[in-house]
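The following exercises concern the secondary-structure elements of one chain and how they are arranged. Please examine the sequence and the structure before working through each solution.

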Amino acid sequence: MVAPKSSFLDKVLGRIGRLDAEGLQTVVQRLARERNFLEMLFNTIEDGILVVDENGQVLYFNQAVTQLIGLQSGGEGSHIADYLPELDWEKISKTDEAGERVMRHEFEVHYPRTRFLRLYAAPLDGTAIGSSGVALILHDATEARQKTFEAIESERVQALTLLAASVAHEIGNPLNALHIHLQLMERGLKKLKSEEAPAPRKGVLHSTSSQQETVGRLEQYLDVCKGEIARLDYIITQFLQAIRPAPVQLKLAPLNDVVEKTLELLRPELENRGLTVKTKLGRQLTATPIDATQMQQVLVNLIKNAMQAMSRGGTLTLQTGEASDGVWVSVADTGGGIPQEQIARIFEPFYTTKKKGTGLGLMIVQRIVRAHGGKIEVESRVGQGTTFRIWLPSHERKPKLLQETTGKV
């Protein structure tokens, strides 16, 4: 085997006693250049690199660490647990007698921003840093994780799409047939009621009264059947809208007009429930490229959810506003709220917190908002209510001003 080449430092250490002052100066300058080069190299790496001693004290970190966990310049000497409380330092600091020298860990951090990190930890030779320690490499896996979730969601939607065609054929046609025959039965009952009753005869009065009661009950049964068929038809319609969406037709339109038209459409139902409606619409909002019909569907779904979440006397609040990069509309209720453990699932298909919900309304809302290039935020407190806020990009984006900073970069 070819012997490995010794490094520049090894060569110097071998003859350091024979170097004069000028030679030592040359060695120091070269070592300084190599250190600056390595420093620059480490700071260009996107992954965060930390070196900590056996007590968990930070000895070195690159610039990526500052962006990932907020460790600022001068943070050497801090304990790693102050910045990564999720890290099991006691486990990482112990030497694995079985010879497994690399540990992997995944966790989520919320400062300076919410990110999902993968951590690789490997022990360092004590001769390198003067004492035993650990090298920690932080990899930002947020985007990869999001893409994985999107891929899973896409596969789920594709599976539901295949099911949609079967559902539309197998259930839609029988429902139409049932609806037609119920209409025929309803006409038959109306005909029986409209026919003149025969002249009363002795002993048949009770029979006529019984016949009228039977007709009345049959009408009630028909009403129940028609209501259930209408509900099934609504479920199928919602399902097909969620799985086979129509492409958005973007046109410049005032968002306030869409809000006002939606309220006008739902006003009879809101008044019937005895709800108070408050509107706080922003003045002179920038015209936004939206599909007015689909955005109205979004607001209808959100407002109906809000109505079902409140009892009589609740308050529904609709607001619009504008920021530097877009406009927004919010729908707030004073209902029972959504527990935190359920908020993450409310956009999943068929997941619902309502007894008669389909679990598709919010999925449709999310799909339409995404098709507009927007985003949707949810804030809820149990016992106080829920607010949905939709952000939509403006046609003309305003320049975003950067805050003035001081100090060296």
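**Exercise 1.** In which sense do β11 and strand β12 pair, and over how many bridges?

*Solution.* The structure is a predicted model. Strand β12 covers residues 385–393, and its pairing with β11 is antiparallel, with seven bridges. One residue pair can be located within this pairing: E379 has T387 in β12 as its bridge partner.

**Exercise 2.** State the strand order of the open sheet and identify its edge strands.

*Solution.* Begin with the order: five strands form an open sheet, arranged β7-β9-β10-β12-β11, and the pairing is mixed. Next, find the strands that pair on one side only; these edge strands are β7 (276–280) and β11 (375–381). Finally, consider the twist, which averages 15 degrees from one strand to the next.

**Exercise 3.** Which strands of the sheet do helix α9 and α10 touch?

*Solution.* Helix α9 (residues 255–272) packs on the sheet and touches β7, β9 (315–323), β10 (326–332) and β12. The direction of α9 makes about 175 degrees with that of β9. Turning to α10, this helix also packs on the sheet, where it touches β9, β10 and β12. Its direction makes about 30 degrees with that of β10.

**Exercise 4.** Describe the packing of helix α10 against helix α12.

*Solution.* Helix α10 spans residues 292–309 and helix α12 spans residues 361–371; they pack at an angle of about 145 degrees, and their axes are 9 Å apart. The crossing is left-handed. Residues making the contact include M295, V298 and L302 of α10, and L362, I364 and R367 of α12. By class, the contact residues comprise seven nonpolar, five polar and one charged.

Methods
Residues are numbered from 1 along each chain as its sequence is written. This is a predicted model: local features need pLDDT of at least 70, side-chain atom pairs count only at pLDDT 80 or more; totals for chains, interfaces and linings use all residues. Side-chain values use heavy atoms; hydrogens and water are left out. Axes are lines fitted to C-alpha atoms, for helices over the stretch in contact, and angles run from 0 to 180 degrees between N-to-C directions. Helices (H or I, at least four residues) and strands (E, at least two) are DSSP runs, numbered from the N terminus. A crossing is left-handed if the near helix is turned anticlockwise from the far one by less than a right angle, and right-handed if clockwise. Contact means heavy atoms within 4.5 Å. Ala, Val, Leu, Ile, Met, Phe, Trp, Tyr, Cys and Pro count as nonpolar, Asp, Glu, Lys and Arg as charged, and the others, Gly among them, as polar. Two strands pair if DSSP finds at least two bridges between them.
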